[in-house]
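Q: Please take a close look at one pair of packed helices in this structure, and explain how the two helices meet.

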Amino acid sequence: MTENPVHPARSDAQSWTGAAAILFDLDGVLTPTAVVHEHAWQELFDGFLRSAPDAQPYRESDYFDHIDGKPRFDGVRDFLASRNIVLPEGPLDDDPGNDTVHGLGNRKNKVFNDIVAAGGVRPYEGSVRFIEAALARGLKLAVVSSSRNAPAVLKAAGLSGHFPVVVDGTVAVAEGLPGKPSPATYEYAARLLGLPSEACVVVEDAVSGVQAGSAGTFHSVIGVDRGAGRQTLLDAGASLVVYDLAELL
């Protein structure tokens, strides 16, 4: 198999030279759980749309167009809006069996957790090597994820000990931080590390996450192409796009 090349907008050396910290997205960057999220969303909406026969069926592209990288309930809202479907919000802890925004989001979360519990989580080998190299250089590390499951996924993947700062969906709600594509969660992680945004590299695989990094004043934004598309990530504001973080070593 031919190895995928690096396609930089700036050199790989520039992408983290002079940085003091790296802020990682989780799903699709450190762990292949983005694929699990895709499957969980498809299962959710395939089932839900059976009760809305006039709506267009769920397509693979819907994940990247409306859901990827966003807080869970925003993903529900944006997908439903794409089908001109309006549902009541329901309480935040609504029963997963209810057809409300929060009910559907909680149903998706249950599907995701069931898949993870059955199969476990193995991190990307290249990402683990990159983490080790970053630590060897003395860089600080944080995870910034829209998922409320980030701590559990990090623990399942054996990565928890590397990240003293985790800003996930639960933290964002508690602190009143808007989700990606706002840079707010990444900026908050930088503050928790005691660093200015300009000293931090953002690493993302989702368009909304790259947009979040680009909207801030970060050192650089490294895009990891796990399916969104190299040019799409560059257009969203990535400084550099790779297929695997080991390409930067």
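A: The crossing of helices H2 and H5 is right-handed, a crossing being left-handed if the near helix is turned anticlockwise from the far one by less than a right angle, and right-handed if clockwise. This is a predicted model, in which local features need pLDDT of at least 70 and side-chain atom pairs count only at pLDDT 80 or more, while totals for chains, interfaces and linings use all residues. Residues are numbered from 1 along each chain as its sequence is written, and side-chain values use heavy atoms, with hydrogens and water left out.

H2 covers residues 33-49 and H5 residues 101-119, and the two pack at an angle of about 135 degrees with their axes 9 Å apart; helices here are DSSP runs (H or I, at least four residues), numbered from the N terminus. Axes are lines fitted to C-alpha atoms over the stretch in contact, and angles run from 0 to 180 degrees between N-to-C directions. H2 and H5 are therefore oblique to each other, since angles under 35 degrees count as roughly parallel, over 145 as roughly antiparallel, 65 to 115 as roughly perpendicular and the rest as oblique.

Among the residues that make the contact (heavy atoms within 4.5 Å) are Val 36, Trp 41 and Phe 48 of H2 and Leu 104, Arg 107 and Phe 112 of H5. By class, this contact has 11 nonpolar, 2 polar and 3 charged residues, where Ala, Val, Leu, Ile, Met, Phe, Trp, Tyr, Cys and Pro count as nonpolar, Asp, Glu, Lys and Arg as charged, and the others, Gly among them, as polar.
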